[in-house]
Amino acid sequence: MSDIIHVTRSSMPNFNEYIEEIQELWDSRWLTNMGTKHQQFEKLLSKYLNVKNISLFANGHLALEYAIQSFNLTGEVITTPFTFASTTHAIVRNNLKPVFCDINIYDYTIDVDKLESLITDQTSAILPVHVYGNICNVKEISRIAKKYNLVVIYDAAHAFGVTVDGASIANFGDASMFSFHATKVFHSIEGGAITFQDDKLIIALKALKNFGFTSPESVEYIGGNAKMNEFQAAMGICNLRHIDDEVEKRKSIVDRYLDRLSGIKGIHISNIRPGIRRNYAYFPVLFDGYKMNRDMIYEKLKNKGIFTRKYFYPLTNAFRCYKGEFDLSRTPIAQHIADRVLVLPLYADLSFKDVDRICDYILNDK
């Protein structure tokens with residue numbers, strides 16, 4: 001049992017497995033610019049996620065920025081403030097205006113009952129967020145988007161490998177962004193990907209992440225540098241071999257938490273929609289009416305060497321960089337959850353003893 005417990009810990013393959021995977025890079029010296037490992041990783045991911053089109057990026061944020069750019073959006077994009085900074089920043093950095101829809105109390109995803117009231121003649125897209133591996137109401141979002149002819153781009157950073165009624169989450173909407181950051185269920189150290197429906201985006205996304213080049217002497221897009229390098233791709237290849245085992249290990253840890261914390265007055269666990277195959281990305285707990293509030297639990301655990309995370313707090317529409325731009329009173333449920341939620345430690349090699357230690361500190365007064 002370790003003395004210090006962090007909120008997450010990166011899963012890694014056996015050292016020799018990774019060394020073997022990158023060995024050929026010393027011979028080829030092809031270290032970036034979409035080399036053999038990049039191409040292999042893309043094919044493996046396409047098969048695993050059961051998608052037609054996928055494009056790899058250096059990280060999830062750049063993937064999202066360029067996905068938005070590739071659709072040539074204008075005006076307003078409806079999204080949620082209950083998310084990581086990247087989601088909102090990606091919209092703003094594309095010179096678009098985020099319009100914030102509240103979340104639902106059931107699973108903390110965007111409240112589809114409030115979506116239509118926010119649509120104006122300036123709305124060009126909806127950017128919902130799958131939160132903690134909890135999946136948005138994709139069917140209702142699709143219905144609304146078709147009714148108003150809107151693009152749907154999902155922030156699926158938390159949703160790698162999740163399925164809905166047997167269908168890969170990567171196939172919903174016009175595009176989905178996945179993050180392969182080191183702290184995620186599945187990672188390539190840093191990295192990200194866009195899955196998408198329209199074959200026409202293949203050229204655009206490839207160009208946008210490579211300075212806009214469509215050939216050695218032709219620059220047709222205003223792009224940047226967002227290419228995944230070969231070492232990242234190699235790590236992804238290795239980790240993909242073990243992802244199902246990793247998810248099973250995380251499931252057992254979540255089950256242990258549920259055994260200890262379910263049914264306790266004032267402790268609330270978010271719901272999961274029926275038909276979802278989970279990836280057990282995070283374990284969020286809502287302290288609402290408990291004998292200690294969220295911040296008290298946070299400080300108590302930190303003093304015991306257990307590091308949790310107020311995730312997501314603050315809401316993105318309350319960031320200092322956006323001060324005065326948004327009406328915070330329009331997202332009261334998101335604010336309620338943000339003030340009370342705490343993500344507890346969860347990773348594949350977290351021991352049951354450490355889970356019990358965490359729960360004991362939460363449940364006991366001392």
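# Surface, fold and unusual backbone sites

User: How much area does the chain expose, and what share of it do carbon and sulfur atoms supply?
Analyst: The chain exposes about 16700 Å², an area computed with the Shrake-Rupley method and a 1.4 Å probe, where for residues only the protein chains shown count as cover. Of this exposed area, the share supplied by carbon and sulfur atoms is 50%.

User: What kind of model is this, and from which number are the residues counted along each chain?
Analyst: This is a predicted model, in which local features need pLDDT of at least 70 and side-chain atom pairs count only at pLDDT 80 or more, while totals for chains, interfaces and linings use all residues. Side-chain values use heavy atoms, with hydrogens and water left out, and residues are numbered along each chain, as its sequence is written, from 1.

User: How many helices and strands does the chain have, and what is its radius of gyration?
Analyst: Helices (H or I, at least four residues) and strands (E, at least two) are DSSP runs numbered from the N terminus, and the chain comes to 10 helices and 15 strands. The globule rule, 2.2 Å times the number of residues to the power 0.38, is compared with a radius taken over C-alpha atoms. For 366 residues the rule gives 21 Å, and the chain is therefore as compact as a globular protein of that length, with a radius of gyration of 21 Å.

User: What percentage of the 366 residues is buried?
Analyst: A residue is buried under 20% relative accessible area, exposed over 50% and partly exposed in between, using a 1.4 Å probe and protein chains only. Cys238 is buried, with a relative accessible area of 0%, and Cys359 is likewise buried at 0%. Across the 366 residues of the chain, the buried part makes up 55%.

User: How many disulfides does the structure hold?
Analyst: A disulfide is a pair of cysteine sulfur atoms within 2.5 Å. By that definition, the number that the structure holds is 0.

User: Which two residue pairs are joined by cis peptide bonds?
Analyst: Most peptide bonds are trans. Phe312 has its place in the loop between helix H8 (294-303) and helix H9 (332-338), and Pro314 also lies in the loop between H8 and H9. With omega at about 20° in one case and about -5° in the other, the pairs are Tyr311 with Phe312 and Tyr313 with Pro314.

User: Which residues other than glycine have a positive phi?
Analyst: Most residues other than glycine have a negative phi. A phi near 55° belongs to a residue in the loop between helix H5 (138-148) and strand S5 (151-155), which counts as exposed at 70% relative accessibility. A phi of about 50° belongs to a residue in the loop between strand S6 (163-164) and strand S7 (167-168), which counts as exposed at 56%. Among such residues are Asn149 and Asp165.

User: Is His130 buried or exposed, and how far is its C-alpha atom from that of His187?
Analyst: His130 lies in the loop between strand S4 (123-127) and H5, where its relative accessibility of 1% makes it count as buried. Setting aside residues up to four places away in sequence, His130 touches several residues, including Tyr154, Asp155 and His158, a contact being heavy atoms within 4.5 Å. His187 is 57 residues away along the chain, and the separation of the two C-alpha atoms is 17 Å.
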